[in-house]
Amino acid sequence: MRKLKLQMQITIDGFVADPEGQLDWMTWNMDEKLLAFINHLTDTSDTILLGRKMTDGFIKHWEQAVSQPGNHEALFAQKMVDIPKVVFSKTLDHVDGQNVRVENGDLKEALTQLKRAPGKDIVVYGGATFVSSLLENGLIDELNLFVNPTAIGNGMRIFKNRNPFTLKASVAYPCGIVVNTYTPKE
């Protein structure tokens, strides 16, 4: 069965966005080793899951990055555009963008079907509310938390309940980000 892997930026004080959803606290100057890890997560996945609130900005960013000549992100951006994306929404029936479909059904049922389908793993990027619902329902198999060397004091969290996890790896990168990889405790 395919794994659902979370890749999410987080502050050292446990927030994934500021109160308005802004990400201006993130470390953008990532080093080559961290970029290689991000590429590995992407290359071992063939489906991207997104929540409704994050979708518009995500799709616009990557589709614009592909079209900008000389953009250093162009190769990665092409991956983001080419990989099929599933947007979970109770309010939308259609989202503009390449390789995007909307899923309006029951979250658990839809993800169970996706996980059982043949292929590589599935990666989820967010947003906060969507990831929180995935965690509440025990649907994430691997958490890759990119801990940025910043505290913001308040904002959006993804954990609402007590959740036991097992640390599988912790790697510090020269840019200051530490990636902690966890799996749910059995």
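How many bridges join S7 to strand S8, and do these strands run parallel or antiparallel? To find out, select S7 and then S8 (residues 178-184) in your viewer, keeping in mind that this is a predicted model. Seven bridges join the two strands, and they run antiparallel. For one place to look along this pair, pick Val171, which stands opposite Val179 in S8. Strands of a sheet pair through backbone hydrogen bonds, either parallel or antiparallel.

**The whole sheet**

Now widen the selection to the strands as a set. Eight strands form an open sheet, and if you walk across it you meet them in the order S4-S3-S2-S5-S1-S6-S8-S7, with mixed pairing. Strand S4 (100-103) and S7 stand at the edges, and because each has a single partner strand, one side of each is left without a neighbour in the sheet. Turn the view to look across the strands, where the twist averages 25° from one strand to the next.

**Strand S1 and its two partners**

Next, select S1, which covers residues 4-11 and is mostly covered, since eight of its eight residues are buried. Colour its two faces separately: on one side are Leu4, Leu6, Met8 and Ile10, on the other are Lys5, Gln7, Gln9 and Thr11, and the residues of both faces are all buried.

Add strand S5 (residues 121-126) to the selection, and you will see a parallel pair in which three bridges join S1 to S5. Here Leu4 stands opposite Ile122 in S5. Then add strand S6 (residues 142-148), which also pairs with S1 in the parallel sense, this time over seven bridges. One of the places to look in this second pair is Lys5, whose bridge partner in S6 is Glu142.

**Salt bridges**

Keep Glu142 selected and show side chains, for the next stop concerns charged groups. Side chains of opposite charge can pair when their charged atoms come close. The structure holds eight salt bridges, and three of them are visited here.

Begin with Glu142 and Lys3, whose side chains meet in a salt bridge at 3.7 Å, N to O. Glu142 lies in strand S6 and Lys3 in the segment before S1, so the pair ties together parts that are 139 residues apart in sequence. Glu142 is buried, with a relative accessible area of 13%, while Lys3 is partly exposed at 37%.

Move next to Asp46 and Arg2, whose side chains meet in a salt bridge at 3.1 Å, N to O. This pair links distant parts of the chain, with Asp46 in strand S2 (residues 45-51) and Arg2 in the segment before S1, 44 residues apart. Which of these counts as buried and which as partly exposed? Arg2 is buried, with a relative accessible area of 7%, whereas Asp46, at 25% relative accessibility, counts as partly exposed.

Finally, select Lys160 and Glu136, whose side chains meet at 3.8 Å, N to O. Lys160 lies in the loop between S6 and strand S7 (165-172) and Glu136 in helix H5, so this pair ties together parts that are 24 residues apart in sequence. Lys160 is exposed, with a relative accessible area of 58%, while Glu136 counts as partly exposed at 46% relative accessibility.

**The largest cavity**

Stay with Glu136 and Lys160, for both belong to the lining of the largest cavity, together with Ser132, Leu135, Ile158, Phe159, Asn161 and Asn163. A search of the whole structure finds one cavity of 30 Å³ or more, and the volume of the largest cavity is about 30 Å³. Its lining residues divide into three nonpolar, three polar and two charged.

**The largest pocket**

For the last stop, select Gln7, Leu23, Met54, Phe58 and Tyr125, which lie nearest the centre of the largest pocket among the 45 residues that line it. About 1700 Å³ of space lies in this pocket. The elements that give two or more residues to its lining are S1, helix H1 (32-43), helix H2 (52-67), helix H3 (74-82) and helix H5 (128-136). Which element gives the most to the lining of the largest pocket? Colour H2 to see the answer, for it gives the most, with seven residues. If you then colour the lining by residue type, you will find 21 nonpolar, 16 polar and eight charged residues.

Key:
Residues are numbered from 1 along each chain as its sequence is written. This is a predicted model: local features need pLDDT of at least 70, side-chain atom pairs count only at pLDDT 80 or more; totals for chains, interfaces and linings use all residues. Side-chain values use heavy atoms; hydrogens and water are left out. Buried means under 20% relative accessible area, exposed over 50%, partly exposed in between (1.4 Å probe, protein chains only). Helices (H or I, at least four residues) and strands (E, at least two) are DSSP runs, numbered from the N terminus. Two strands pair if DSSP finds at least two bridges between them. On a 1 Å grid over the protein atoms alone, a cavity is a set of points where a 1.4 Å probe fits but cannot get out, and a pocket is an open set with protein on both sides within 12 Å along at least five of seven lines; lining residues have an atom within 4 Å of a point. Grid points are joined across faces, edges and corners, and a volume is the space filled by probe spheres set on the points. Ala, Val, Leu, Ile, Met, Phe, Trp, Tyr, Cys and Pro count as nonpolar, Asp, Glu, Lys and Arg as charged, and the others, Gly among them, as polar. A salt bridge is a side-chain nitrogen of Lys or Arg within 4 Å of a carboxyl oxygen of Asp or Glu. Axes are lines fitted to C-alpha atoms, for helices over the stretch in contact, and angles run from 0 to 180 degrees between N-to-C directions.
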